[in-house]
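Reader: I have the model open. Please teach me to read its features, one by one.

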Amino acid sequence: MSTSAKQAQRTVTLTFNGTDKILELPILEGTNGNQGIDIRQLFDKTGYIAFDPGFTSTGSCESAITYIDGDRGILLYRGYPIEQLALHSDFMETSYLLLRGHLPSRDEKQAFEQRIVRHTMVHEQLRGFYQGFRRDAHPMAIMVGVVGALSAFYHDSLDINDPEQRDIASYRLIAKMPTLAAMAYKYSIGQPFIYPKNNLGLVENFLHMMFAVPCEEYILNPVLVKAMDRILLLHADHEQNASTSTVRLAGSSRANPFACIASGIAALWGPAHGGANEAVLSMLVQIGHKSNIKEYVAKAKDKNDPFRLMGFGHRVYKNYDPRANVMRDTCHEVLASLGIDDPMLELAVELERIALEDPYFIEKKLYPNVDFYSGIILRAMGIPTSMFTVIFAMARTVGWIAQWMEMIQDPSQKIGRPRQLYIGPEARDYVSKDLR
Ligand code: ACO
């Protein structure tokens with residue numbers, strides 16, 4: 001599949017006022033009316049840099065994987081609307097789609113699942129790593145460490161120039177993430193690690209490794225399996241967000257895939273990104289009761305108060321996050337199936353209603369994002385808050401790998417190296433200690 005944008009007939013002319021310098025810049029056209037000004041020659045030809053901290057207007061790559069129209073609330077994986085995939089597909093099939101670019105045939109899907117299943121175990125020595133962490137270590141801290149450490153165990157899949165080794169590394173990462181994640185949880189509660197069972201699918205296996213104990217089998221609830229599958233599917237990719245860009249940047253130096261994914265996990269951890277699902281729950285606990293919502297909404301609007309409504313707002317979506325719609329329905333399904341009447345859900349629904357009617361949130365286009373509901377579902381499933389972002393990382397590993405693979409195979413790929421606008425002191429002479 002070609003990932004090259006077309007060069008449009010139109011160009012943009014940059015005029016440097018007060019000089020006779022002008023620069024004609026090509027316009028590039030992607031799919032769905034996406035367009036960009038190609039400024040790659042800007043620095044060489046003019047000595048100017050493009051200044052864009054936070055990259056709000058900067059495209060770092062061409063990509064054929066995920067498309068987002070934030071104003072219209074559209075999210076497509078390889079062209080397929082996320083709502084259709086959530087309804088008709090499953091996480092494994094969607095993973096194949098993201099990695100390979102097309103929906104698998106029955107045989108392709110089966111072969112893919114078989115490959116993943118064969119890699120669920122981790123090197124026995126890696127289990128020893130967990131003992132080095134405090135019992136109360138945050139599981140994301142453990143994940144950054146152990147996923148990075150995979151590069152010290154699987155030397156036969158580190159050559160990024162070998163397509164077969166890249167494939168094996170990707171199977172290993174997707175298959176081992178649930179095992180490593182469940183081990184982080186088991187370690188935190190002092191229970192023995194549970195080995196994966198290869199007669200179970202990835203999602204079932206994860207729940208089994210989380211909740212089974214050697215003396216008792218875990219009986220899988222199909223509603224929870226479906227809900228977890230959907231959470232993973234909805235989080236699998238989201239184009240050039242902070243963690244994916246981190247993976248690409250790390251990978252641009254030709255670092256090995258395990259190290260790159262560990263860097264993505266680190267970037268995902270922050271509360272402005274993947275850490276938001278954990279932050280939503282902490283916020284709901286902090287608010288405590290429906291009667292306190294108005295006070296907290298006022299705090300969120302107060303410029304002098306750092307408090308923000310977690311799970312609201314998005315850099316790209318200036319409309320309802322399409323994933324949040326699906327999550328909302330799943331949330332109700334799970335609570336009904338488990339017979340849970342959770343005051344947190346009531347609080348969340350009321351908070352959503354009040355915020356959506358508030359002129360501040362309307363004006364700034366702050367809608368609930370995917371994390372707003374995923375936290376409540378995970379809580380209902382008995383998953384501790386500290387594991388929420390880990391589950392997000394399990395899902396996003398597929399997207400990170402798809403994006404990393406795309407980058408490695410892009411002939412125009414270079415090491416990522418942003419420039420800066422230097423505002424420090426001009427060159428000055430060293431002053432010896434007794435003269436300072
Ligand atoms: N609560 C209150 N005010 C908010 C919120 C919020 N959740 N989000 C944005 N705003 C306000 C800002 O104060 C700012 O106001 P101003 O224009 O008066 O200065 C305006 O809306 C724009 O916000 P920015 O922070 O400039 O927008 P940005 O695109 O940089 O940030 C972000 C997006 C980080 C997601 C932000 O909305 C936020 O912090 N949300 C809460 C955390 C969260 O839910 N993160 C999950 C993101 S989704 C994901 O990673 C899966």
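Reader: Is Ala 212 buried or exposed?

Author: Buried means under 20% relative accessible area, exposed over 50%, and partly exposed in between (1.4 Å probe, protein chains only). Ala 212 has a relative accessible area of 3%, so Ala 212 is buried. This is a predicted model: local features need pLDDT of at least 70, side-chain atom pairs count only at pLDDT 80 or more, and totals for chains, interfaces and linings use all residues. Residues are numbered from 1 along each chain as its sequence is written, and side-chain values use heavy atoms, with hydrogens and water left out.

Reader: Where does Ala 212 lie, and which residues does Ala 212 touch?

Author: Helices (H or I, at least four residues) and strands (E, at least two) are DSSP runs, numbered from the N terminus. Ala 212 lies in the loop between α8 (202-211) and α9 (222-234). Contact means heavy atoms within 4.5 Å. Not counting residues up to four places away in sequence, Ala 212 touches Lys 186, Gln 191, Ile 194, Leu 207 and Tyr 218.

Reader: Now a second loop residue. Is Arg 308 buried or exposed?

Author: Arg 308 is exposed, with a relative accessible area of 63%. The loop in question runs between α13 (293-301) and α14 (322-338). Leaving aside neighbours within four places in sequence, Arg 308 is in contact with Met 283 and Ala 300. Arg 308 and Pro 368 are 60 residues apart in sequence, and their C-alpha atoms are 12 Å apart in space.

Reader: Next, helix length. What should the 27 residues of α7 span?

Author: The expected span of a helix is 1.5 Å times one less than its number of residues. For α7 (residues 163-189) that gives 39 Å; the end C-alpha atoms are 40 Å apart, which agrees.

Reader: Where is the kink in α7?

Author: The bend at a residue is the angle between axes fitted to the seven residues ending there and the seven starting there. In α7 a kink of about 35° lies at Lys 176, shortly before the proline Pro 178.

Reader: What caps the N-terminal end of α7, and what follows just after α7?

Author: Asp 162 is the cap: one of its side-chain oxygens lies 2.9 Å from the backbone nitrogen of Glu 164. Just after α7, Gly 190 takes a positive phi of about 75°. As for cover, 21 of the 27 residues of α7 are buried.

Reader: On to sheets. Which strands pair with β1 and β5?

Author: Two strands pair if DSSP finds at least two bridges between them. Strand β1 (residues 6-15) runs antiparallel to strand β2 (residues 22-29), joined by seven bridges. Among the partners, Gln 7 is matched with Leu 28 in β2. The hairpin of β1 and β2 has six residues between the strands, and there Gly 18 takes a positive phi near 85°. Strand β5 (residues 74-77) is joined to β6 by two bridges, again antiparallel. Tyr 77 stands opposite Tyr 80 in β6.

Reader: What is the strand order in the open sheet of three strands?

Author: The order is β4-β5-β6, with antiparallel pairing. β4 (66-69) and β6 (80-81) stand at the edges, each with a single partner strand, so one side of each is left without a neighbour in the sheet.

Reader: Last topic. How many disulfides are there?

Author: A disulfide is a covalent bond between the sulfur atoms of two cysteines. The rule here is a pair of cysteine sulfur atoms within 2.5 Å. The count comes to zero.

Reader: Why is there no bond at Cys 260?

Author: The closest cysteine sulfur, in Cys 61, is 14 Å from the sulfur of Cys 260, too far for a bond. Cys 260 is buried, at a relative accessible area of 0%. Cys 331 also counts as buried, at 1% relative accessibility.

Definitions and conventions:
A polar contact is a pair of N or O atoms within 3.5 Å; within protein, one must be able to donate a hydrogen and the other to accept it, and residues adjacent in sequence count only if both atoms are side-chain atoms.
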